[in-house]
Structures are given as C-alpha cells and as structure tokens.
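Biologist: I should like to understand how the terms used for a structure follow from its values. Please take me through the reasoning step by step.

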Amino acid sequence: SRSLFWPPASHSAVMGESERNGAKPTGEILWDAAKKEAATPTTSYKKIYKKMKQEYQCSVLKEAVTLDRLQEASLVVFAGPREMFSTDEFKALKDYIAGGGSVLFMLGEGGEAKHQTNINYLLEEFGVSVNSDAVVRTVFHKYHHPKEVFISNGILCQDISRCAWGEPKKLAEKKRDELSIGVAREDDGPEIMQHRGGCDFVYPYGSTLNVQKPAIPILSSGPISYPLNRPVAAAYSK
C-alpha cells in the first residue's frame, strides 16, 4: 500500500465520461468531508474532481470514518481536516493502510495548531509529521504573495517528473517497486538542478514536514524558498 502525506457534495458514485462511453469507471476515490475539510471537491478541487470522475467512481464521506467504508475505496483523501480524529477512526485508518489501502493527507500552513486537528498522531507512526510553519518565497517570481511559492528543483522523486512529462517507465525501473530519489542542493550546477527538478510547481500556503524512515520525501521547498530544501510532501510504501 502507498499512503501520501502531503466536502459538501452528494455521497454517491457519479457517472463519468468513460462510463457514458460504455466503460465503467474503475476504483473509488473517497473524499472525506466529515472533518470540516478546508478544501472540497465543489470548491478548491473542481477541475481535478471533474477529471477524476472520468476514470474513477468518486464519493464524499460525511459520516465518521469506519473501516468498512474505507475498504470500499481505492484511495481516501483528507484535504485539510479541521477537526480531531477519534481513537476508533485512527484504528480504522491504520487497519485500512495495513490492508493495502491508500490515503492522501493534506494540511496547510500552521499545521495541526491552526487546523485544530490531531493528524500527526497517525502520521508519526509512518515517519511523518506536519510542522507548524509556512513556506515562503525569498525571491519574487510570477506570484505576488510570498506564500504562493513557485518552486523549481524541488521534485525529489524522479517518478513524479516522469509521470508529469508522460514518459514511460524504463525496463530497469519496472523490475523494482520503489521510488527513486534525488535531492537538489544550493551548489548544484544548472544541468544537475534541471535533471533533479524535473518540472516546476507552485506550493501555496503550505507547511514543511519532518520525514524519517519508513517514509521518504518526494517534494521539497527547493534551494530558494524558506525554509530551504525542506520536505513538503512524503510517501510511505508498505
């Protein structure tokens, strides 16, 4: 299983384009809305939610998290929870991950304190914790607000760059089931930085992470933002 640590709508699977064309969407992506999430499929994620519905069944969870409900989904998304999780909910999430389920956690600047949640209690068991800070851009580029951070050379996982550019997986990479990591440093030359960065991305109003084994960092704040070269996304793969 892979768990990544980085809303008001109908609680039902929505027919996507592929289903209308005769191909039934495969797998279910479950968006949690029971914890007053900061982002929802009907607000911050309209475009990506629309694209997801073309290939997957998409549902919104408004009730308490239970193992039975989680096991129906291929991926569960928590987009900025702003309430506490109960002991039973944490146990359900741990059992779901142990059984091969995938979970995506997202939290903004200020971490747990600002969002009034306790998600670190679960994340720390997998080697990740969200800091109560904010990433800022030290040099102006494209975006006016310093917390709308344009990051180049911040991709630590080469597989992310490969997927972003639509490149096929190499034969040698197909024989292994692990993420390849490359860290960008301040003293790296342009060619190395470009190779390690892969592509640019924007990280708005986000915090940094503490990451240790068994988790691995997959995105960083890069060598120009502050705090510099700090993990901003991580993954745990069972």
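Modeller: The discussion below concerns a predicted model, and it turns to salt bridges, then a strand, then aromatic rings.

Biologist: Why is the contact between E89 and K35 called a salt bridge?

Modeller: A salt bridge requires a side-chain nitrogen of Lys or Arg within 4 Å of a carboxyl oxygen of Asp or Glu. For E89 and K35 the N to O distance is 2.7 Å, so the pair meets the rule. By this rule the model has nine salt bridges.

Biologist: Where in the chain do E89 and K35 lie?

Modeller: E89 belongs to helix α4 (residues 87-98), while K35 is in the loop between β2 (28-32) and α2 (46-55). The two residues are 54 residues apart, and their pair links distant parts of the chain.

Biologist: Are E89 and K35 buried or exposed, and how do you know?

Modeller: Buried means under 20% relative accessible area. E89 has 6% and is therefore buried. K35 also has a relative accessibility of 6%, so K35 counts as buried.

Biologist: What makes K36 and E83 a salt bridge?

Modeller: Their N to O distance is 3.5 Å, which is within 4 Å, and the pair therefore qualifies. K36 lies in the loop between β2 and α2 and E83 in the loop between β4 (75-79) and α4, so the bridge ties together parts that are 47 residues apart in sequence.

Biologist: Why is K36 called exposed and E83 partly exposed?

Modeller: Exposed means over 50%, and K36 has a relative accessible area of 53%, so K36 is exposed. E83 has 26%, which falls between the cut-offs of 20% and 50%, so E83 is partly exposed.

Biologist: How do you know that β2 is mostly covered?

Modeller: Five of its five residues are buried. On one side these are E28, L30 and D32, and on the other I29 and W31, so both faces of β2 are covered. In a regular strand the side chains alternate between the two faces of the sheet.

Biologist: What makes β2 and β3 a pair of strands?

Modeller: Pairing requires at least two bridges. Between β2 and β3 (residues 57-61) there are five bridges in the parallel sense, so the two strands pair. Within this pair, L30 stands opposite S59. Three bridges join β2 to β4, which also satisfies the rule, and these strands run parallel. Here I29 stands opposite L75 in β4.

Biologist: Why is the aromatic pair of W31 and Y45 called tilted?

Modeller: The search of the whole structure finds seven aromatic pairs. In the pair of W31 and Y45 the centres are 5.4 Å apart, which is within 6.5 Å, so the rings pair. The angle between the planes is 45°, neither under 30 degrees nor over 60, and the pair is therefore tilted. W31 is in strand β2 and Y45 in the loop between β2 and α2, 14 residues apart.

Biologist: What makes the pair of F78 and F85 edge-to-face?

Modeller: The centres lie 5.6 Å apart, and the angle of 65° between the planes is over 60, so the pair is edge-to-face. F78, at 0% relative accessibility, and F85, at 5%, both count as buried. Ring pairs link F78 and F85 with F90, F105 and Y121 into a cluster.

Biologist: Where does the charged end of K35 sit?

Modeller: The charged end of K35 sits over the ring of F85, 5.1 Å from its centre. K35 thus appears both in this contact and in the salt bridge with E89.

Note on methods: Residues are numbered from 1 along each chain as its sequence is written. This is a predicted model: local features need pLDDT of at least 70, side-chain atom pairs count only at pLDDT 80 or more; totals for chains, interfaces and linings use all residues. Side-chain values use heavy atoms; hydrogens and water are left out. Helices (H or I, at least four residues) and strands (E, at least two) are DSSP runs, numbered from the N terminus. Buried means under 20% relative accessible area, exposed over 50%, partly exposed in between (1.4 Å probe, protein chains only). Rings of Phe, Tyr and Trp (its six-membered ring) pair if their centres lie within 6.5 Å; planes under 30 degrees apart count as stacked, over 60 as edge-to-face and the rest as tilted. A charge sits over a ring if NZ of Lys or CZ of Arg is within 6 Å of the ring centre and within 35 degrees of the ring normal.
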